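Please open the model in your viewer and keep the selection panel handy. We will go from stop to stop, and at each one you will hear what to select and what is there.

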Amino acid sequence: MNLGQLNNDQKTVLKQFREAVQDCKLPESDDVYLLRWLVARDFDLVKAEKMLRNSMEWRRKYKVDAVLQDYEIPEVLTKYFAAGYIGVDKLNSYTVVVRYGLMDLKGILLSAKKRDYLTYVIEIVERSFQRVRNDPKKFKRSPDAIAQSTVIFDMAGFSMRHITYKPALDTAIQLVQLYEGNYPELLRRVFIINAPKIFSVLFSMLKPFMHEKTRHKIQIFSHDAKQWKAALLEDIDTDQLPVCYGGTMTDPDGNPNCITKVSMGGEVPKSYYLNGKSSTNDKKCISIPSGSKEHLEFQVKNAGTVLKWDFHSEESDIAFAVYRKQGNEMIPVVPHDRVDCHMSPEEGEIYCDYAGVYVVEFDNSFSYLRSKKIWYSITVDHSSKPVCLNGNNLDYLDAEIQANQ
């Protein structure tokens with residue numbers, strides 16, 4: 001859809017929407033960006049505003065606007081996450097290939113934290129938006145059109161290992177939710193090719209998390225190459241498609257798989273695996289039953305104090321957060337987030353701008369069956385300022401400042 005296709009009622013809703021969200025800090029401030037949210041919610045002003053505000057809070061919380069500049073991509077993802085940009089389709093949609101079936105998801109998730117995996121996908125999406133902004137003539141049908149993407153998911157090699165490894169399934173669901181909540185109308189078409197029968201199991205698990213609009217954009221093909229190549233060529237010119245998918249594009253050396261654009265995935269060497277063995281020296285232990293959480297309180301006597309933490313779990317992840325007590329309220333300082341601290345220790349620190357009681361939360365309420373044993377060391381240091389706050393010296397300080405505005 002583009003702005004020129006709006007009827008008078010839709011133009012009125014767009015104007016009202018612009019006025020309603022004028023206080024939001026948006027990554028793009030034009031009407032085309034706002035149109036995405038309205039189309040996603042069928043021009044329901046209240047629903048569109050709620051969706052956009054929730055997404056802006058998500059962007060703030062996870063520093064999404066800084067991902068392209070600040071995020072250091074783990075090498076295992078650049079080498080073994082098989083996804084890449086190949087060109088545009090016939091409607092100028094940004095086109096990506098994901099060789100999902102060739103990815104060793106277990107190896108990847110044993111070599112990088114789930115947070116890194118999700119952040120890398122966000123980085124890929126945000127980079128596509130950057131390319132569109134830098135070259136709108138190439139990636140948009142018209143100046144006032146919503147820029148969209150076409151994605152080819154190649155499931156060749158897909159097997160039960162993609163389903164039975166729970167962290168891989170969890171991240172797949174999270175990525176669907178992430179897309180649905182934060183990138184409305186990004187997808188124009190999704191081609192799922194070389195899908196074996198077992199793929200229906202995964203798709204049935206993901207469908208409940210997809211909006212009906214998204215489901216209607218998906219076309220699924222089995223191993224019948226003649227059929228899916230014909231479908232791809234209806235939407236994509238041959239010079240924008242690798243030879244292996246029915247086009248004419250090759251690598252400079254003639255490789256028909258275009259591995260310089262999209263890697264072939266493959267098994268992740270165990271040398272990349274995170275150690276997973278963490279020291280318990282000088283750490284206390286706490287067991288957190290399934291469906292519950294624990295709060296640890298720390299008195300900070302003076303502003304300028306540094307609160308430090310170092311913790312790990314014996315198995316599986318835990319949700320972690322830090323709050324500051326203010327009367328009966330709990331002011332978020334470190335945003336609530338699940339961390340893979342069974343793979344490697346979670347370390348960080350915050351600069352406490354205010355004296356008072358700070359609460360460290362270990363939250364296992366999301367787990368219905370499994371209790372968690374957490375080894376932790378938390379200290380209050382009155383003599384130093386933080387050097388590293390989980391990789392970014394501003395992350396949690398910024399969260400505290402904004403929480404108190």
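Select Asp42, which follows helix α2 and has a positive phi, near 50 degrees. Helices here are DSSP runs of H or I with at least four residues, strands are runs of E with at least two, and both are numbered from the N terminus. The model is a predicted one: local features need pLDDT of at least 70, side-chain atom pairs count only at pLDDT 80 or more, and totals for chains, interfaces and linings use all residues. Residues are numbered from 1 along each chain as its sequence is written, and side-chain values use heavy atoms, with hydrogens and water left out.

**Helix α2**

Now step back and select residues 31-40, helix α2; nine of its ten residues are buried, so the helix is largely enclosed by the rest of the structure. Buried means under 20% relative accessible area, exposed means over 50%, and partly exposed is in between (1.4 Å probe, protein chains only). Colour the buried ones: Val32, Tyr33, Leu34, Leu35, Arg36, Trp37, Leu38, Val39 and Ala40. What lies over them? Show α1 (8-20), α3 (45-61), α7, α10 and α12, which are among the elements that cover the buried residues of α2.

**The second largest cavity**

Keep Ala40 selected, since this residue also lines the second largest cavity, together with Arg41, Met51, Tyr179, Glu180, Pro184, Glu185, His211, Lys213, Thr214 and Lys217. A cavity is a set of points, on a 1 Å grid over the protein atoms alone, where a 1.4 Å probe fits but cannot get out, and lining residues have an atom within 4 Å of a point. The volume of this cavity is about 80 Å³; a volume is the space filled by probe spheres set on the points, which are joined across faces, edges and corners. Helices α10 and α12 (212-215) each give at least two residues to its lining. By type, the lining has four nonpolar, two polar and five charged residues. Here Ala, Val, Leu, Ile, Met, Phe, Trp, Tyr, Cys and Pro count as nonpolar, Asp, Glu, Lys and Arg as charged, and the others, Gly among them, as polar.

**The largest cavity**

How many cavities of 30 Å³ or more does the structure hold? There are three, and the largest has a volume of about 850 Å³. To find it, select Val98, Val121, Val151, Phe153 and Leu175, which lie nearest its centre among the 37 lining residues. Then add β2 (94-98), α7 (114-134), β3, α10 (166-182), β4 and α11 (199-206), the elements that give two or more residues to this lining. Helix α10 supplies the largest share, eight residues. The lining of the largest cavity comprises 32 nonpolar residues, four polar and one charged.

**Strand β4 and its partners**

Next, select residues 187-193, strand β4, where six of the seven residues are buried. On one side of the pairing list is β3 (residues 149-154), which runs parallel to β4 and is joined to it by six bridges; two strands pair if DSSP finds at least two bridges between them. Another partner is β5 (residues 218-220), also parallel to β4, with three bridges. Click on Phe191: Ile152 stands opposite it, and its bridge partner in β5 is Gln219.

**Ile86**

Keep Ile152 in view and add Ile86, in strand β1 (residues 83-88). Is Ile86 buried or exposed? At 3% relative accessibility, Ile86 counts as buried. Beyond its neighbours within four places in sequence, Ile86 is in contact with Thr95, Val97, Ile152, Gln240, Leu241, Pro242, Met249, Lys261 and Val262, where contact means heavy atoms within 4.5 Å.

**A hairpin and a buried glutamate**

Move on to β9 (residues 318-326) and β10 (residues 329-339), which pair in the antiparallel sense over eight bridges. Tyr323 has Pro332 as its bridge partner in β10. Two residues sit between the strands of this hairpin, and Gly327 takes a positive phi near 65 degrees. Then select Glu346, in strand β11 (residues 346-352); Glu346 is buried, with a relative accessible area of 4%.

**Zooming out**

Finally, show the whole chain, with its 14 helices and 13 strands. Its C-alpha atoms fill a box of roughly 65 × 55 × 40 Å, taken along the principal axes. Of its 405 residues, 50% count as buried.

Conventions: 1 Å grid on protein atoms, 1.4 Å probe; cavity = no way out; pocket = protein on both sides within 12 Å on 5 of 7 lines; lining within 4 Å.
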